[in-house]
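Open the model in your viewer and keep the sequence panel beside it. The tour below goes from one selection to the next and says what is found at each stop.

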Amino acid sequence: MIDEKLASPRSYEVRTYGCQMNVHDSERLSGSLEAAGYIRATEGQADVVVINTCAVRENADNKLYGNLGMLASVKKEHEGMQIAVGGCLAQKDQGVILEKAPWVDVVFGTHNMGSLPTLLERARHNEEAQLEILESLDVFPSTLPTRRESTHSAWVSISVGCNNTCTFCIVPTLRGKEKDRRPGEILAEVQAVVDDGATEVTLLGQNVNSYGVEFGDRQAFSKLLRATGSIEGLERVRFTSPHPAAFTDDVIDAMAETPNVMPQLHMPLQSGSDRILKAMRRSYRSTKFLGILERVRAQMPDAAITTDIIVGFPGETEEDFQDTLRVVEESRFASAYTFQYSIRPGTPAATMDDQIPKEVVQERFERLAALQDRISREENDKQIGRTLKVMVTAAEGRKQAETSRLSGRAEDSRLVHFNVPEGSAIPRPGDVVTVTVTEAAAFHLVADTVTGGQLDIRRTRAGDAWDRAEAASCGVPSAATAGDAAPRVSLGLPTIRVATTPIYDPSDSLR
């Protein structure tokens, strides 16, 4: 008789730490597992837990081994459970993971994500851990199956790897040199996700605006942005993350002149000190950076610009930090992801003299966060009274749970919470509501419709795709599809936040 446990599909869970590239990689991992017959765990402990790691900051190590420690006891109680670790930290540490956590079954790197199902099966069959780390891509990740986490929004990789040599960054070592996809392949994938119901696409690359370097076209990225404008049904196009040194005016022109490219830009500053930028090997200076922002706003006055900043880079003086504060004040960022510098072994900065004491870094970080919080609030205050088109998301932010409001992203990517007046129809994720901003805070906007009013809803193909997905998951049409204004029923399927700015843990010295 066939063992029931062996005959039934094994369930999986993917835990993601890091940036959008990690999130998109996790969609590939999920797709590969489901193509191999695994099913997404919706309740209880998954048979396979995959941890997709980041290696940008020291806290990533602590988070990984803390999670693995907790999973060790879970695995003892769950017969046949497997644990797999992949991503950047796995690529960096390789055998170290199995030394520190010998209960891990599979370790794989950034270049062989598609091997995960095979490695899991090999580990079961051989009853021993499998370690497979490749030094270069076996296949481009976009050729792998994908389980998208959002029906209305999709990531599309246009390149992987990076040719820059920033002294604080280990990503080029772990992801390799830049590899560009051909434009036709990218546009075909965009068309495919649009055909599947998505109305928003975010183009991804470690250095997205250097796209084309591999096949010698310096204007390839701006051409790609314009080409997306011809894709019928694609309403919103975003991209991340560009590098200031390679950001050219043809890209600004393409953003301004292509209707579905959104007025939003994530432009990493890292430091406002020219001396520190040089030490970081960031091949631009603060004047050039500010000039880019000026030209963007000249063509797109309402563009929301966000950034990344590192505090406490080796050798940073108070004068250097004051330069950063000055550039932040002048830049008027909508928001900023600020990091306390942490040593990453294998990077040039790790062995630099004048490492800054933790207490100094913390104090500077708090000053920078206070400044950016004030600026973010002031910039959001300017939105009060404006009418915005907001694409509804499935769930986003604590404000939604606290107030029973729904949430979504404006065209400039600002997070907007809005109410649904009694008697009004209820929008679905992917639908677009037109609302007027009534309140502002540093990290979100509120747009409440007066009691008795009707929410202005444009039902979309993306909303239809959400309904189809929900019906497929529970076997019945949704209330919204049936014209019922009653609240939707959710099965509580695991989801991740789909955003257009980097996704990091806000609890570890990050704003």
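## Start at M255

Select M255 and show what surrounds it. Setting aside neighbours within four places in sequence, M255 has contacts with L225, F239, F247, V261, M262, Q264, L265 and M300. This is a predicted model. M255 is also among the residues that touch the most other members of the largest nonpolar core, a set of 61 residues; the others are L203, F221, L225, F239, F247 and V296. Colour these residues to mark that core. A separate core, apart from this one, has 19 residues, including Y17, V49, Y65 and I133.

## The whole chain

Zoom out to the full chain. The chain has 511 residues, and 55% of them are buried. Its secondary structure amounts to 16 helices and 21 strands. Of the contacts between residues at least 6 apart in sequence, 75% join residues at least 24 apart.

## Strands β10 and β11

Next, select residues 236–240, which form strand β11. Are these residues buried or exposed? In β11, 5 of 5 residues are buried. In a regular strand, side chains alternate between the two faces of the sheet. In β11, one side carries R236, R238 and T240, the other V237 and F239, and all of these are buried, leaving both faces covered.

Add residues 200–204, strand β10, which runs parallel to β11 and is joined to it by 5 bridges. One pair to pick out is V201 in β10 and V237, its bridge partner in β11. Now include residues 220–228, helix α9: together with β10 and β11, this helix makes a right-handed β-α-β unit. Two residues from the first stop can be found again here, since L225 and F239 both appear in the list of contacts of M255.

## The open sheet of three strands

Move on to strands β12, β13 and β14. They form an open sheet in that order, with parallel pairing. Which strands stand at the edges? They are β12 (264–266) and β14 (335–340); each has a single partner strand, so one side of each is left without a neighbour in the sheet. On average, neighbouring strands in this sheet are turned by 10° against each other, direction ignored.

Select residues 304–311 to show β13, which pairs with β14 over 6 bridges in the parallel sense. For one of the bridge pairs, label I309 and its partner T338 in β14. Then select residues 358–381, helix α14. This helix packs on the sheet and touches β13 and β14, and its direction makes about 175° with that of β14.

## Salt bridges

Show the charged side chains. Side chains of opposite charge can pair when their charged atoms come close. The whole structure contains 33 salt bridges, and three of them are visited here.

Begin with D320 and R275, whose closest N and O atoms are 2.5 Å apart. D320 belongs to helix α13 (residues 318–331) and R275 to helix α11 (residues 274–279), so this pair ties together parts 45 residues apart in sequence. D320 counts as buried at 5% relative accessibility, while R275 counts as partly exposed at 46%.

Go next to D302 and R386, which meet in a salt bridge at 3.7 Å, N to O. D302 sits in the loop between α12 (286–299) and β13, and R386 in the loop between α14 and β15 (387–392), so the pair ties together parts 84 residues apart in sequence. D302 is partly exposed at 47% relative accessibility; R386 is partly exposed too, at 28%.

The third pair is R332 and E378, with a distance of 2.7 Å, N to O. R332 is in the loop between α13 and β14, and E378 is in helix α14, so the pair ties together parts 46 residues apart in sequence. Salt bridges with shared partners join E329, R332, R374, E378, E379 and K382 into one network. E378 is partly exposed, with a relative accessible area of 30%.

## Last stop: E257

Finish by selecting E257, which lies in helix α10 (residues 249–257). E257 is partly exposed, with a relative accessible area of 49%. Where is Q299 relative to E257? The two are 42 residues apart in sequence, and their C-alpha atoms are 9.1 Å apart in space.

How values were computed. Residues numbered from 1 in each chain as written. Predicted model: local features only at pLDDT ≥ 70, side-chain atom pairs only at ≥ 80, totals over all residues. Heavy atoms only, no water. Pairing = 2+ DSSP bridges. Helix = DSSP H or I, 4+ residues; strand = E, 2+ residues; numbered from the N terminus. Axes fitted to C-alpha atoms, helices over the stretch in contact; angles between N-to-C directions. Contact = heavy atoms within 4.5 Å. Buried < 20%, exposed > 50% of the residue type's maximum accessible area, 1.4 Å probe, protein only. Right-handed = clockwise from strand over helix to strand, strands pointing away. Salt bridge = Lys/Arg side-chain N within 4 Å of Asp/Glu carboxyl O. Core = buried A, V, L, I, M, F, W, Y, C linked by side-chain atoms within 4.5 Å.
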